[in-house]
Amino acid sequence: MGGVAVYPGSFDPITNGHMDIIERGLGVFDKIIVTVGINPNKKTLFSVEERISMIREAIGKNPRVEVDSFSGLLINYVEKSGVHCLLRGLRAMSDFEYEFQMALMNRRLNRNIETVFLMTGARWFFCNSGIVKEAAALGGSVEGMVPGVVLKKLKQKFPGMVKKSGI
Ligand code: PNS
């Protein structure tokens with residue numbers, strides 16, 4: 001397919017499910033711009049700076065991946081970047097309705113920008129930032145669900161987190 005895709009999200013924090021989509025995306029696109037949505041009305045565990053820095057560290061040096069942030073309408077950001085493709089990950093059916101609404105709204109705002117969905121690997125079907133934060137906050141292990149840098153940061157926020165998971 002080639003070209004550039006913008007991969008937007010809250011990434012609060014980035015999980016191995018997101019990492020899987022980036023990896024799969026690199027098999028389809030030449031370059032991916034991972035962009036963190038700044039929403040002042042949404043309470044997040046990590047600041048934008050922390051989220052960006054964790055994504056950068058998790059990805060490492062890769063000239064094909066850029067990490068950025070945006071506020072306001074996603075479509076405005078995509079238009080300014082000169083990109084025509086949005087990348088989103090799909091897990092279970094439960095993602096579908098929200099993703100469908102968002103893709104159609106974005107298409108309504110700019111019909112030249114397409115949203116491309118990639119399926120996460122089956123092992124990440126249950127993995128999302130919300131469940132990771134909830135488990136970590138309550139002392140459960142999220143080892144193997146997030147990149148090492150995120151695990152380290154979560155341990156700092158929630159020192160009660162246990163070390164070993166059940167798998
Ligand atoms: O990881 P998330 O929380 O599902 O990401 C959602 C995000 C940031 C991609 C979405 O909320 C977004 O695009 N926000 C920007 C506001 C916007 O453009 N809204 C109109 C399209 S629905």
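Which residues line the largest cavity? In this predicted model, they are Pro8, Leu74, Leu86, Arg88, Glu99, Met102, Ala103, Asn106, Thr115 and Phe117. That cavity has a volume of about 50 Å³, while the largest pocket comes in at about 940 Å³. Here's a quick run through both, plus a surface patch and a loop glycine.

**The cavity**

- If you're filtering by volume, the structure holds one cavity of 30 Å³ or more.
- Strand 4, helix 4 and strand 5 (114–119) are the elements that give two or more residues to the lining of the largest cavity.
- Helix 4 gives the most to that lining, with four residues.
- Sorted by class, the cavity lining has six nonpolar, two polar and two charged residues.

**The pocket**

- The largest pocket, at about 940 Å³, is lined by 38 residues, and the closest to its centre are Pro8, Gly9, Ser10, Arg88 and Tyr98.
- Plenty of elements chip in: strand 1 (4–9), helix 1 (16–26), strand 2 (31–38), helix 3 (74–81), strand 4, helix 4 and helix 5 (129–137) each supply at least two residues of the pocket lining.
- Helix 4 turns up here too, with six residues, the largest share of the pocket lining.
- The class split for the pocket lining is 15 nonpolar, 15 polar and eight charged residues.
- Two names are worth keeping in mind: Pro8 and Arg88 are on the list of residues lining the largest cavity, and Pro8 and Arg88 are also among the residues closest to the centre of the largest pocket.

**The nonpolar patch**

- Out on the surface, Met93, Phe96, Phe100 and Leu104 make a nonpolar patch of about 430 Å².
- Met93 sits in the loop that runs between strand 4 (85–90) and helix 4 (96–109).
- Met93 counts as exposed because its relative accessibility is 69%, and the cut-off for exposed is over 50%.

**A loop glycine**

- Gly121 is found in the loop between strand 5 and helix 5.
- Is Gly121 buried or exposed? Gly121 has 12% relative accessibility, so it counts as buried, the cut-off being under 20%.
- Along the chain, Gly121 and Asn16 are 105 residues apart, yet their C-alpha atoms are separated by 10.0 Å.

Notes
Residues numbered from 1 in each chain as written. Predicted model: local features only at pLDDT ≥ 70, side-chain atom pairs only at ≥ 80, totals over all residues. Heavy atoms only, no water. Patch = residues over 30% accessible without salt bridge, like charges linked within 9 Å, V, L, I, M, F, W, Y side chains within 5 Å. Areas by Shrake-Rupley, 256 points an atom, 1.4 Å probe, with all protein chains shown as cover. Salt bridge = Lys/Arg side-chain N within 4 Å of Asp/Glu carboxyl O. Buried < 20%, exposed > 50% of the residue type's maximum accessible area, 1.4 Å probe, protein only. 1 Å grid on protein atoms, 1.4 Å probe; cavity = no way out; pocket = protein on both sides within 12 Å on 5 of 7 lines; lining within 4 Å. Points joined across faces, edges and corners; volume = space filled by probe spheres on them. Nonpolar A, V, L, I, M, F, W, Y, C, P; charged D, E, K, R; others polar.
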